[in-house]
Amino acid sequence: EAKALKPEKKQSAKELLGYMFQNKYTVPLIIAFVVNWFATMLFSSATIYYARDIMGNGDFMKILNNARSLPAMFLLVIGVVPLFATKFGKRKALVFAFISHLVSGVILFVAGQNLILLVLGQVLRSVGSAFGSTMLMAMVSDTADYINLKNNIDISGMTSSIVSFGMKVGMGLGSAVLAWTLAWGGYSGEAAKNGLAQSASTMLAEKACFIYIPTACFLLLLFICNTLDVDKKVKELRASLEAKTNA
């Protein structure tokens, strides 16, 4: 948890909010949270539609969901993500995460109804999610450290709101965009109920939600993460403060 160096006085919420946004990391981090959880919610929710209407078998949803969730759980349990971040840095871990998502998008795009390729794409998504979500969380703490050390305050509680805000807004948008996109594609609940095929425009909408839009989101995130070198800046600030203390 981030701690300040003996704040001189208690800051008002307005002052803390000012400190929070007077740096180059807060806004990109908020955008990254929203986009990441928007994309995740969108492709997660679209899985059933892709399995049932594109692959022709709704039972494949369980296989696709397991391929997307189990590898991430395994990586987190054995501690691969923090080891990678320690060795290569958090920004590079984020780059790795979003490249994994982009490669996954390419594989899913060419997979069509090929279950093996679809599972491979989902596994890469899982790897990307394990690294991406974990590193974004870690960067919230780093941003708090950066603001605290630079301004001699304690803003840790306020910066933690980035997590809940980004996740709630992103997931809410993901659910809404799924509904809007399916409506745009002319999705028929009656056809689904009676086991009938959806229209070509509906299947395009389902592919957009499962593959195209999320992949575009992770391309955007790849560009955003180039600005998130906050862990490096925190190390520099700590070294500078230690040098002044020891001088």
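This report walks through helices, salt bridges and a surface patch in a predicted model.

**Helix H11 and its two sides**

Let's start with helix H11, which runs over residues 230-246. Its 17 residues reach 24 Å from the first C-alpha to the last, close to the 24 Å expected at 1.5 Å a residue. Which residues of H11 are buried? They are Val230, Asp231, Val234 and Leu237. These residues lie on the same side of H11, because they cover an arc of only 115° around the axis. A look at helix geometry helps here: an α-helix has 3.6 residues a turn, so residues three or four places apart point the same way. What do the buried residues of H11 pack against? Their partners are H5 and H6. On the other side of H11, you will find Lys235 and Asn246 exposed.

**Salt bridges**

The structure holds four salt bridges, and the table lists three of these pairs with their N to O distances.

| Pair | Distance, N to O |
|---|---|
| Arginine 52 and aspartate 53 | 3.2 Å |
| Lysine 90 and aspartate 142 | 2.7 Å |
| Arginine 238 and aspartate 145 | 3.4 Å |

Take the pair of lysine 90 and aspartate 142, whose side chains meet in a salt bridge. Lysine 90 belongs to helix H5 and aspartate 142 to helix H6, so this pair ties together parts that are 52 residues apart in sequence. Lysine 90 is partly exposed, at 21% relative accessible area. Aspartate 142, in contrast, counts as buried because its relative accessibility is 7%.

Arginine 238 brings us back to H11, as its side chain meets that of aspartate 145. With arginine 238 in helix H11 and aspartate 145 in helix H6, the pair ties together parts that are 93 residues apart in sequence. Is arginine 238 buried or partly exposed? Its relative accessibility is 36%, so arginine 238 counts as partly exposed. Aspartate 145 has a relative accessible area of 9% and is therefore buried.

Arginine 52 and aspartate 53 make up the remaining pair in the table. Arginine 52 counts as partly exposed at 27% relative accessibility, while aspartate 53 is buried with a relative accessible area of 14%.

**A nonpolar patch on the surface**

Turn now to the surface, where a nonpolar patch of about 800 Å² is made by Val106, Phe109, Val110, Leu117, Leu120, Trp184, Leu204 and Tyr212. Which helices each supply at least two residues of the patch? They are H5 (90-111), H6 (115-151) and H10 (200-224). H5 gives the most, with three residues.

Two members of the patch deserve a visit. Valine 110 is found in helix H5 and counts as exposed because its relative accessibility is 55%. The C-alpha atom of valine 110 is separated by 13 Å from that of phenylalanine 210, which is 100 residues away along the chain. Leucine 120 lies in helix H6; at 40% relative accessibility, leucine 120 counts as partly exposed.

**Two buried residues and their contacts**

Alanine 130 is also part of helix H6, but with 3% relative accessibility alanine 130 counts as buried. Leaving aside residues up to four places away in sequence, alanine 130 touches Ala72, Leu75, Leu76 and Val81. Proline 71 is 59 residues from alanine 130 in sequence, and their C-alpha atoms are 8.3 Å apart in space.

For a second example, look at threonine 26 in helix H2, which covers residues 26-54. Threonine 26 counts as buried because its relative accessibility is 1%. What does threonine 26 touch, not counting residues up to four places away in sequence? The contacts are Met20, Phe21, Thr143, Ile147 and Ile162.

**The loop after H6**

The tour ends at asparagine 152, found in the loop between H6 and helix H7 (156-159). Phi of asparagine 152 is near 60°, a positive value in a residue other than glycine. With a relative accessible area of 21%, asparagine 152 is partly exposed.

Notes
Residues are numbered from 1 along each chain as its sequence is written. This is a predicted model: local features need pLDDT of at least 70, side-chain atom pairs count only at pLDDT 80 or more; totals for chains, interfaces and linings use all residues. Side-chain values use heavy atoms; hydrogens and water are left out. Patches are made of residues with over 30% relative accessible area and no salt bridge: like charges are joined within 9 Å, nonpolar side chains (Val, Leu, Ile, Met, Phe, Trp, Tyr) within 5 Å. Accessible areas come from the Shrake-Rupley method with a 1.4 Å probe; for residues, only the protein chains shown count as cover. Helices (H or I, at least four residues) and strands (E, at least two) are DSSP runs, numbered from the N terminus. Buried means under 20% relative accessible area, exposed over 50%, partly exposed in between (1.4 Å probe, protein chains only). The expected span of a helix is 1.5 Å times one less than its number of residues. The arc is that of the directions from the helix axis to the C-beta atoms. Contact means heavy atoms within 4.5 Å.
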